[in-house]
Amino acid sequence: MSSAGRVVVVGAGMAAARLADGLAAAGRAVTVLGDEPHPPYNRILLSAVLEGTHDPAALELGLRDTVDLRLGTRVVDIHREQREVELADRSRVGYDALVLATGSIPTLPPIRGLVRPDGRLHEKVHAFRSLADCERLDAVVSTSSTNGVSTSSTDGVSTSSTDGVSTSSTNGVSTSSTNGVTGGRAVVVGGGLLGLQVARALSVRGLDVEVVEGGEHLLRGQVEERAGRIIARDLTRLGATVYTGTRAVRLTDDGLVLDNGFTLETDLVVLTAGGRPSTALARRAGLEVRRGIVVDERLRTSDAHIYAIGDCAQRGGTVTGFVPPAWEQAAVLARHLAGEEASYEPGRHVVRLRATGLDVAVLGDPVHAEGEVVEVTNPVVGSHRRLVVRDGRIVAGTLVGDLSRIGLITQHYDRGTVLGANEPGLLLMPDRATAAAEPQLPDDAEVCSCAGVSAGAVRTCGSLEEVRDTTRATTGCGGCSDAVRRLLATRTTLLEGTPR
Ligand SMILES: Cc1cc2nc3c(=O)[nH]c(=O)nc-3n(C[C@H](O)[C@H](O)[C@H](O)COP(=O)(O)OP(=O)(O)OC[C@H]3O[C@@H](n4cnc5c(N)ncnc54)[C@H](O)[C@@H]3O)c2cc1C
């Protein structure tokens, strides 16, 4: 095969899919080499598969027919001199431009007993990163459910009430939990984005779920302490037990032992406690790697013919780990490789948590952003809204429990609107009238932060299917689905009202 003009992408994940689609649309020849057996799929929705609300096939991120997609193909080496990559079967594929989109790999927390003497994970232990992980876990959960061990309630959450569960802190792990049926218990290690999604999914499946987070609060990497505590309350209300400020140290026949001596009896342990950029290939090839593969504003590594995007890349000290920046990098690189001027700088991103019954949105970096803080918290109903404002502009924010103003807040955040003295406070006081005003978003307001789609682009579409196919809005975290539906509904009303 001639490699003239050929772009080869290593990894067939979310960033690769977006890039390959952009390149194919521009008529470029592109080969995608992915080690998983599945075509690229939406990882955000894995927990929806575990919950049982989505079929695995629904997660597929469709690629154009012209993309040369090779699945089950692991790249083991890069031969930079020859501009070739070597596959596990020792064959080689030539490239003109190589893109590393190898994502991240889960890290194993230091818990004794996780790995058996033969090097395999203990049979109770599961990772949750890929569709294969999800299917394995699903099979185990289905087995416990068919054994009649646990059943979910009609509203999809487990039957425990707030009286039966508690949120503990470093001062003492509470022993109370749901009724503790053997065979239907799961411990999720890690209270980050993945941990919360898995915990909710397992709760919805009817398991008694306990979450162990070593930090002082949940979602430690994304939100400040108060928000983390409200999220813990919400999760508790939904039927899980949350332990913060304590670490799991040992897995024994009796259960998972915490560092305060308490043991959680369990049938399943799901590891979600962090991941790190997958950089081994780049390192071996002698590319500059710090935490991630170091790239410049054109996503170029220390070799001018090799690029890196997504979770594996590091730009200016920042390693991401979310879909919106991965897709933005992919879009920038597709333009750059098509010969256009395009550059990427870590910027403003809005991340939504996809977990049934848990509404969380994070704008920018509310943990570290400096500025004046305007916040409204109502622990009784489990809502927390916080904006960090500098020179009148929203520079970061956290919304928990009530996302009715997310569209308007995101619009001000994206545009850097200079707000009046009372406006940030008013933005945090939603009412029905103002929430309903969101369809009036101006055409250039961003509605889908994963795919960078504006309200105007949605308004040009006639149906949800057309929105999905032409703009890719709603295909990422799905957090924009309601806004898109409202925009389409308003458009229909306006069209119907237009004299012919
Ligand atoms: C369960 C889960 C839930 C998530 N939820 C959210 C969320 O709600 N919001 C959000 O913004 N983000 C979320 N994320 C993170 C998001 O999925 C990632 O940021 C995104 O997938 C990054 O895309 P990527 O292409 O860089 O990496 P990936 O999608 O991880 O793809 C990398 C691919 O490269 C393959 N690969 C690696 N090395 C090789 C090799 N040598 N040869 C061939 N193939 C290789 C890997 O097997 C993998 O298929 C979630 C992630 C998980 C796992």
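**View 1. Aromatic rings and the charges above them.** In this predicted model, a search of the whole structure for aromatic pairs comes back with zero. Rings do have charged company, though: the charged end of Arg18 sits over the ring of Trp327, at 5.2 Å from its centre. Another case to look for is Arg348, whose charged end is placed over the ring of Tyr413, 4.8 Å from the ring centre.

**View 2. Helix 1 against helix 7.** Two packed helices are described by the angle between their axes and the distance between the axes. Here the partners are helix 1 (residues 14-25) and helix 7 (residues 323-337), which pack at about 30 degrees with axes 8 Å apart. Angles under 35 degrees count as roughly parallel, so helix 1 and helix 7 are roughly parallel to each other. The crossing of helix 1 past helix 7 is right-handed. On the helix 1 side, the meeting residues are Met14, Ala15, Arg18, Leu19, Gly22 and Leu23; helix 7 brings Val323, Ala326, Trp327, Ala330, Leu333, Ala334 and Leu337. Arg18 and Trp327, the charge and ring pair of View 1, are thus both among the residues where these helices meet.

**View 3. His38 in its loop.** Follow the chain from strand 2 (30-33) towards helix 2 (46-51), and you will find His38 in the loop between them. His38 counts as buried because its relative accessibility is 19%, and the cut-off for buried is under 20%. Setting aside neighbours within four places in sequence, the contacts of His38 are Leu71, Leu131, Ala132 and Glu135.

**View 4. Two loop residues with positive phi.** Neither residue shown here is glycine: Arg90 has a positive phi near 75 degrees, and Leu219 has a positive phi near 45 degrees. Arg90 belongs to the loop between strand 5 (84-87) and strand 6 (92-94), while Leu219 is found in the loop that lies between strand 12 (208-213) and helix 5 (225-237). With a relative accessible area of 56%, Arg90 is exposed; Leu219, at 1% relative accessibility, counts as buried.

**View 5. Arg468 and its surroundings.** Our last stop is helix 12 (residues 464-471), the home of Arg468. Arg468 is partly exposed, with 34% relative accessibility. Not counting residues up to four places away in sequence, Arg468 touches Ala473, Thr474 and Thr475. If you would like a C-alpha distance to check, try Arg468 to Val458: these residues are 10 apart in sequence and 9.4 Å apart in space.

Terms used:
Residues numbered from 1 in each chain as written. Predicted model: local features only at pLDDT ≥ 70, side-chain atom pairs only at ≥ 80, totals over all residues. Heavy atoms only, no water. Helix = DSSP H or I, 4+ residues; strand = E, 2+ residues; numbered from the N terminus. Buried < 20%, exposed > 50% of the residue type's maximum accessible area, 1.4 Å probe, protein only. Contact = heavy atoms within 4.5 Å. Phe/Tyr/Trp six-rings, centres within 6.5 Å; stacked < 30°, edge-to-face > 60°. Lys NZ or Arg CZ within 6 Å of the ring centre and 35° of its normal. Axes fitted to C-alpha atoms, helices over the stretch in contact; angles between N-to-C directions. Parallel < 35°, antiparallel > 145°, perpendicular 65-115°, else oblique. Left-handed = near helix turned anticlockwise from the far one by under 90°.
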